[in-house]
Amino acid sequence: MKRVVVLVVMLMMVFTFALAGCAQQSTTEPSATEEVNDAAVDESTSEVPEEDTYTIGFLVPSFSNQGFVVARTAAEEVAEELGVELVCVGAQDETSIEEQIQCMEDLIARGVDAVVFSPASSTGIVDVLVKAQKAGILLVNFDSRVDADTAEAAGLEPIPYIGANNEEGAYLSAEYLVDLIGGEGKVCIIEGLPGHYNNEVRKAGAIAAFDAAEGIELVTIQAANWGTEEAMNVLTDVLTANPDIKGVFACNDTMAWGCAAAITAMNLTGTVRLTCFDGLMDTLSYVEDGTIDATLDQRLDEQGGIGVEYAVKLLNGEDVPESTDTNVRLWTIDSIVDIFPNS
Amino acid sequence: MKKNRKTFGGTMKNILDKSGIGLALALLIVILTIASPYFLTVSNGINILMQCAISIVVAVGMTFVILTGGIDLSVGSNVALCGMIFAMFAKSESNIFLCIVLTVAVGIIIGVINGFFVARLNIPSFIVTLGMMNVGRGCTLLVIDGQSIVGLKELYRIFGNMYIGSIPVITMIAIFMLLVAWYVLRNTKAGRYIYAIGGNKEATRLSGINVKGYEMGVYIISGFLCAVASMMLVGRLNVADPNAGSGYEMDAIAATIIGGTSMAGGRGSIFGTLMGAIFMVVLKNGLNLLGVSSYIQQIVIGLVVILAVYIDTIRKKIASKA
């Protein structure tokens, strides 16, 4: 009896393991016209699916990053307008490309018509994209670009891209920081996941902004892997080792929250200024009370919505532009009054 | 009759172990003071005290578990889950004591589940707590769809930033927990039994001691302390992050083993764990101050843990020959 209990418990744990790996939220049941591996499902008794009922996969690194939730909401709205089914999938760990590849393979197995995606790794995603294209799935890339060299080497067909010009946006955010500290002084950068495309271009944009200002000295760049707690610990130590730093640029909002906690804990709010990149709704309260001075809204809502729009266009045989930039804007204590008139 | 580990010889060994880690810590402090002018400053000192608090609390819980010969890999996800619950209730409920009670309850429940599978069903603690680690992580993400909870101002002031004199409140809470744990392990029957279970579970059981009860107990203690640590973390961070607590189990195990507790159970001390926890925090802090990349840091910390366990193995060999 005890052995049976132990066995059941083990099976439950393995099952939970598998479930926890890939969190899946579907808006409605897919009625895909191509069932690649799913022999068990027999849809022939239900009504013949209409030509227009496309099933589109929406794949992100992880929905625990609010930015992707914003993108999803906009994507769902557009999907409803256009009368398509949306299957939203994200892994648990936003830095894990292995988990995201599994999610993509699940989408391929489900036989979706198209996938709108943001990769967790610009290079690591390429192989599974090739698989998807071979299965006849159309692709639209948003937020973080697929690495062009890896894509070419793997023989990937061109994929349309919508995103914010991360480099330009980071430049704007860092430039604002430079202005806040009077164009002079020491600054540092807290970067996310080194090697990640968005991380590298945002860093480059910030470095460019700092280079352009004569009186600014970039003291150090430390990585916090997009983590809030990690950013807090790293910045606390950076500020201890460099007490004369006046400005901090964080490569995303979730890290900036940790940086803000560090600055507040050391009683340096107002003395050390902080700007970041992403434009998450939760950052608004930080901007309002001055613990974060500015964040760059990269319009992930636009990206999600246009992504789905493009996917449908492609499925209908229309052309879409190869690359589209969203209209980024800076949220500062002044500008949020206009952007959010109700708060 | 098995030699009681609390004989003079055993105590001497313990002291040597403790001074071993104490010496290592002193050496580390000297090296870092030379390497970085910012290390031995008041502000960095306070920084270290703050960072220690959470590590110490989790490591104390881990010590109890390891002393019985078990291990608790679920501490990281426990901290994350309790933190989520805490922040969730804090946003809607103004009675902070209720929030604390609920959070502690969640921690204890996780401990009970761990303890039940290990003590009652005799499933190896490694497997149980590994499974619970995933269950905990999954629940944390389920709680509010994997989002962070931001903007907990009032709590932040209470836990995160309050000082008494120049000592952070959370550090005092950690020291308090530590002292209680030290007293229990040193001077109570329960403490002696916990050591005994780790030393020789079967013999202890045959002596008529309720082994299952105490085994369950240590996991509950660990769960409780994770809940406490989670409130400290959320207080400091002002954010409840669903991905919080990752790697906590590594740090807690490292602190416990470096501090002289044996993986096999039955020997070790809370004081050693304190030294071990401080050692780990100072090491990380020093590497950060020196601007060492976080990847190299991970390598260094991993090597230190391996070294510590290796030394522990040698210690055991010497002890069994003595």
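Colleague: In this predicted model, which side chain meets that of Lys131(A) in a salt bridge?

Modeller: Lys131(A) belongs to helix 4 (residues 126-134) of chain A. Its partner sits in helix 3 (residues 97-110) of chain A, 26 residues apart in sequence, so that the pair links distant parts of the chain. The N to O distance is 2.7 Å, and the partner is Glu105(A).

Colleague: Do Lys131(A) and Glu105(A) count as buried, exposed or partly exposed, and what is the relative accessibility of Glu105(A)?

Modeller: The class of partly exposed lies between under 20% and over 50% relative accessible area. Lys131(A), at 45%, therefore counts as partly exposed. Glu105(A) is also partly exposed, because its relative accessibility is 32%.

Colleague: Which residue forms a salt bridge with Glu191(A), and where does that residue lie?

Modeller: The closest N and O atoms of Glu191(A) and Lys203(A) are 2.8 Å apart. Both Glu191(A) and Lys203(A) are buried. Glu191(A) lies in strand 7 of chain A, so the salt bridge ties together parts that are 12 residues apart in sequence. The partner is Lys203(A), in helix 7 (residues 197-212) of chain A.

Colleague: Which residues belong to the salt-bridge network that holds Asp301(A)?

Modeller: Asp301(A) forms a salt bridge with Arg299(A), with 3.4 Å between the closest N and O atoms. Asp301(A) is partly exposed, because its relative accessible area is 28%, whereas Arg299(A) counts as buried at 14%. Salt bridges with shared partners join into one network Asp297(A), Arg299(A), Asp301(A), Glu302(A) and Arg329(A).

Colleague: How many salt bridges does the structure hold over all chains, and how many does the rule find across the interface of chain B and chain A?

Modeller: Over all chains, the structure holds 13 salt bridges. Between chain B and chain A, 6 residue pairs are in polar contact. For salt bridges across this interface, the count is 0.

Colleague: Which element of chain B gives the largest share of the side that touches chain A?

Modeller: The contact involves 45 residues from chain B and 39 residues from chain A. About 3500 Å² is buried between the two chains, 56% of it on carbon and sulfur atoms. Elements of chain B that give two or more residues to this side include helix 2 (42-67), helix 10 (211-237) and helix 13 (294-321). The largest share, 7 residues, comes from helix 5 of chain B.

Colleague: How do the residues on the side of chain B that touches chain A divide into nonpolar, polar and charged?

Modeller: This side of the contact takes 45 residues from chain B. They divide into 20 nonpolar, 19 polar and 6 charged.

Colleague: Why is strand 9 of chain A largely enclosed by the rest of the structure, and which residue in it is the bridge partner of Ile190(A)?

Modeller: Strand 9 (residues 245-250) of chain A is largely enclosed because 5 of its 6 residues are buried. Strand 10 (residues 273-278) of chain A runs parallel to strand 9 and is joined to it by 3 bridges, with Phe249(A) opposite Thr275(A). Strand 7 (residues 184-191) of chain A also pairs with strand 9 in the parallel sense, over 5 bridges. The bridge partner of Ile190(A) is Ala250(A).

Colleague: What percentage of the residues in chain B is buried?

Modeller: Chain B contains 13 helices and 4 strands. Among its contacts between residues at least 6 apart in sequence, 79% join residues at least 24 apart. Of the 322 residues in chain B, the buried share is 54%.

Methods:
Residues are numbered from 1 along each chain as its sequence is written. Chains are lettered from A and ligands numbered from 1 in the order in which they are written. This is a predicted model: local features need pLDDT of at least 70, side-chain atom pairs count only at pLDDT 80 or more; totals for chains, interfaces and linings use all residues. Side-chain values use heavy atoms; hydrogens and water are left out. Contact means heavy atoms within 4.5 Å. Buried area is the accessible area (1.4 Å probe) that two parts lose on being put together, summed over both. A salt bridge is a side-chain nitrogen of Lys or Arg within 4 Å of a carboxyl oxygen of Asp or Glu. A polar contact is a pair of N or O atoms within 3.5 Å; within protein, one must be able to donate a hydrogen and the other to accept it, and residues adjacent in sequence count only if both atoms are side-chain atoms. Ala, Val, Leu, Ile, Met, Phe, Trp, Tyr, Cys and Pro count as nonpolar, Asp, Glu, Lys and Arg as charged, and the others, Gly among them, as polar. Buried means under 20% relative accessible area, exposed over 50%, partly exposed in between (1.4 Å probe, protein chains only). Two strands pair if DSSP finds at least two bridges between them.
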